[in-house]
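Please open the model in your viewer and display the whole chain. The stops below proceed from the overall form to individual residues.

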Amino acid sequence: MILPVYSPVYISDSERKELRRTQNQVELDGIFNQKKMLEEAYKAKLKHLDEREKVYKNELKSIGSRKKEV
């Protein structure tokens with residue numbers, strides 16, 4: 001079996017800095033997108049829970065008023 005021969009790759013300081021800047025920007029963009037998705041999911045869940053709370057409160061009021069009538 002013949003192993004491939006790799007030669008080292010050299011990049012300049014400015015290229016390395018630019019690569020690092022690009023990688024950092026990609027990471028920051030990912031963090032921003034994840035935070036945005038989490039906030040949207042949180043708001044949707046909160047809305048759902050608020051709606052369920054209203055339903056159960058109304059049912060309890062209805063049950064309570066029926067008890068008084070009996």
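**A guided tour**

Begin with the full molecular surface: the accessible area of the protein is about 7,500 Å², and carbon and sulfur atoms contribute 59% of it. Bear in mind throughout that this is a predicted model.

Next, switch to C-alpha atoms and align the view with the principal axes. Along these axes, the C-alpha atoms occupy a box of roughly 90 × 40 × 10 Å. The radius of gyration is 29 Å, whereas a compact globule of 70 residues would have one near 11 Å. Colouring by relative accessibility gives a related view: 0% of the 70 residues count as buried.

Now show the secondary structure. The protein contains one helix and zero strands. Select residues 13–69 to highlight this element, helix α1.

Which residues make the nonpolar surface patch of about 300 Å²? Select V9, I11 and L19, which form it together. Of these, L19 lies in helix α1. L19 is classed as partly exposed because its relative accessibility is 44%, and that class ends at 50%.

Continue to V26, another position in helix α1. Is V26 buried or exposed? V26 counts as exposed because its relative accessible area is 52%, and the exposed class covers values over 50%. Then add L3 to the selection and draw a distance between the two C-alpha atoms: V26 and L3 are 23 residues apart along the chain, and their C-alpha atoms are separated by 34 Å.

Finally, colour the charged side chains. The protein has 16 positive and 12 negative charges, and the mean positions of the two sets lie 8 Å apart.

Key
Residues numbered from 1 in each chain as written. Predicted model: local features only at pLDDT ≥ 70, side-chain atom pairs only at ≥ 80, totals over all residues. Heavy atoms only, no water. Patch = residues over 30% accessible without salt bridge, like charges linked within 9 Å, V, L, I, M, F, W, Y side chains within 5 Å. Areas by Shrake-Rupley, 256 points an atom, 1.4 Å probe, with all protein chains shown as cover. Salt bridge = Lys/Arg side-chain N within 4 Å of Asp/Glu carboxyl O. Helix = DSSP H or I, 4+ residues; strand = E, 2+ residues; numbered from the N terminus. Buried < 20%, exposed > 50% of the residue type's maximum accessible area, 1.4 Å probe, protein only. Rg over C-alpha atoms; globule rule 2.2 N^0.38 Å. Lys, Arg positive; Asp, Glu negative; His and termini not counted. Charge placed at Lys NZ, Arg CZ, Asp CG, Glu CD.
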